[in-house]
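Work through the following exercises with the sequence and the structure open beside you, and try each task before you read its solution.

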Amino acid sequence: MNQSIISARGVSKMFIIGNKKPYYTLRETISEYVKNLFAKKKITKFWALKKVSFDIKQGEMVGMIGGNGAGKSTMLKILSRITPPTEGKIEINGRITSLLEVGTGFHPELTGKENIFFNGCLLGMTTKEIREKFNDIVEFAGIDKFIDTPVKKYSSGMYVRLAFSVAAHLESEILLIDEVLAVGDTEFQKKCIGKIDDVTKKGRTVIFVSHNMALIKSLCKRCLLLKDGKIIFDGETDKAINKYLESYKTGSNALIDRKDRLGNKNAMVTKIDIVNLTHKNLQFRMGDSIMVRLHYVNRIHKDIKRILVGITIKNQMGIRLFIQHNKLSGDKITLNADGGVLACTLPGLPLIAGRYYITYSFLEHEALGGDYIDSIENAVSFDVEEADYFGTGELPHPEHGLYLMKGKWTQLKKD
Amino acid sequence: MKTIIKPDTDLKFIDLTEVIKFKELIYIFAWRDISVKYKQSMIGVGWVILQPLATMIIFSYFFGKISKIPSQGISYSVFVLTGLVFWGLFSNIVSHSSNSMVDNENIIKKVYFPKIIIPFSSIISSLPDFCINLVVLFIFAAINRAEISPYSLIYIFVGFIITSIFALGFGLILSATNVRFRDVRYALPFVLQVLMYTSPIIFPLNIISKSNQLIIALNPLSSAIDTARHSFMSNQALEPVYLLISATSATFIVILGLLYFQKTQKFFSDIV
């Protein structure tokens, strides 16, 4: 039982980031090539993983945490052999299956039954295995009535349940799971976690990537904490989570060093933190109320009266979703001579899951066209995670809108 | 089971034992493509027959009746339909496999399996259409009172093997290229059209000069179609030289395709 089932030694992965966009057509490649003959070639090498080493023993359930871009997903992709490492070596003693996405290869035209076979086979089951477990899978998903219906007619909840169910019945010595449990209704999530727990009790090894610290805490004893492609902590889950949350805080301290400030810098924001008012932790879920706190210093040591302070929130595509400033809210704000903290409360975030960027501005004279005191575009970012916003277990497709809006449907009498 | 993951630098030939381990997946991919293809289409399998039959009627009229292209002593309609059935098999495999990496991008990025399985599966998923068309061809030949050779099954089989090996090799090269350059998608219809008119589909090999015949035989489809046509030409002997040239060139192309695909495939999931 004490033998390592996975042992990774000095694993690195490099990506080459094109200076502009990836080439898609031959014409562009040729024109780029000609351009590059004359210009100095700018290839940016990006090391997603740098000399990562770890051992995992049989039957362990190990969590992998870290901020976005820390290298968690790359590590899982290398472990599951989707992409090769640039350096290093990994030895794996057992069959490995990876669950990087729910319902990989699900085809909308195929029925539930057909998709179970296709998906199961993709994930590494034999058709014989699937046939044996077919009834369990259908029962677990609770969709026996719709098993011969094309999945395009399924509700998103049913779709996710079916996809989970196939994955939950995988039998391999090692299971890699990426963030997939974030979707689906909470009831079903619990069922799946119970299933995964059973799996490890039978001696299987699980590597689990998630942003959901509560989930990691309840499932894993040991955690790997990744930052900038390196393992910065390997040990007890509680300690790893604390370290992770700490590193978040130090991340926003770097705001002082930002050179892309606008304004006369009579006052400067030195730190921004975002507090979750709904849940007392540092993650944000859909519908949570948050408070954005701007810590500022006053460099002229005199009160700066009647300023305009505002924040805008942009999504990952750079689309401005909304602005909130003290003229809209009708509050009078003065920057104190000895500095302080300005807080903006945003009740019930109606944002879909994703990463968001906060831009803040201090302007003189309470005027939108006034002179800038201090402003940084995309000063900090935060992630919003999926949650049961509507209380129905359903969520809209991310492409169907940037906002969540509660509503009610009823039938009215004809007049 | 022990797996070692390390940087993929040394050039090696495709790992066939691994492909065999995943053989079920080949069928599953083929089965998915076949079942998706005809769901929600009204006349379903009818489309399979309609395409070569309609083309045959048009070609028979313009090339057979008006241009009077010779047809090696058999009815021109049977002659051209044989060519079209094999052409259909070829273009099906090629167009299907050349888009296979891009179409299945979401799967390639999320699950590990030998990627070459998807182009392989396009041979199997083209089989039902091909078999249906063969049945139509033989019924049509019988109606036209063509003399069906006792060796016809062997001829057809040889034609099928050469066509699908050539198509696989060609499809592998295109699918690997398609990952980097989406030009393939736009160039493919044009390339297929050129290939169709330079293959002996509407004309017989023997109307061109001896030396040009040797060049045309480099296109594996020439011998594949010519051999298949001998099913209806019991009185004529096969030309083994052309068959040998075509078989060699088909083998060459498939080896080239396998090597190129193998060399490039490891980075597909990074750049698709």
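**Exercise 1.** Find which residues of helix 4 of chain B meet helix 8 of chain B, and describe how the axes of the two helices are arranged.

*Solution.* In this predicted model, the residues that helix 4 of chain B brings to the contact are F86(B), L89(B), F90(B), I93(B), V94(B), S97(B) and S98(B). Facing them from helix 8 of chain B are residues including G159(B), T163(B), A167(B), L168(B), F170(B), L174(B) and N178(B). If the residues of this contact are sorted by character, 10 are nonpolar, 8 are polar and none is charged.

The next step is to look at the axes, since two packed helices are described by the angle between their axes and the distance between the axes. Helix 4 spans residues 76–98 of chain B and helix 8 spans residues 152–180 of chain B, and their axes come within 7 Å and cross at roughly 25°. Because angles under 35 degrees count as roughly parallel, helix 4 of chain B is roughly parallel to helix 8 of chain B. The last step is the sense of the crossing, which is right-handed for these two helices.

**Exercise 2.** Determine how many residues of chain B are in contact with chain A, and which element of chain B gives the largest share.

*Solution.* Counting on both sides, 29 residues of chain B are in contact with 38 residues of chain A. The elements of chain B that give two or more residues to this side are strand 1 (2–5), helix 2 (23–38), helix 6 (105–108) and helix 13 (268–271). Among these, helix 2 of chain B provides the largest share, with 6 residues. Sorted by character, the side of chain B that touches chain A holds 12 nonpolar, 5 polar and 12 charged residues.

Strands of the two chains also pair: strand 4 (residues 87–93) of chain A runs antiparallel to strand 1 of chain B, with 4 bridges between them. In this pairing, I92(A) has T3(B) as its bridge partner.

**Exercise 3.** Trace the open sheet of 6 strands in chain A, and state which strands lie at its edges.

*Solution.* The strands follow the order 5-6-7-3-8-9, and their pairing is mixed. Strand 5 (96–99) and strand 9 (230–236) of chain A are the edge strands, each pairing on one side only. Neighbouring strands are turned against each other by 15° on average, with direction ignored.

Within the sheet, strand 6 (residues 174–178) and strand 7 (residues 205–209) of chain A pair in the parallel sense over 5 bridges, and I177(A) stands opposite F208(A).

Notes: Residues numbered from 1 in each chain as written. Chains lettered and ligands numbered in written order. Predicted model: local features only at pLDDT ≥ 70, side-chain atom pairs only at ≥ 80, totals over all residues. Axes fitted to C-alpha atoms, helices over the stretch in contact; angles between N-to-C directions. Parallel < 35°, antiparallel > 145°, perpendicular 65-115°, else oblique. Left-handed = near helix turned anticlockwise from the far one by under 90°. Contact = placed C-beta atoms within 7 Å. Nonpolar A, V, L, I, M, F, W, Y, C, P; charged D, E, K, R; others polar. Pairing = 2+ DSSP bridges.
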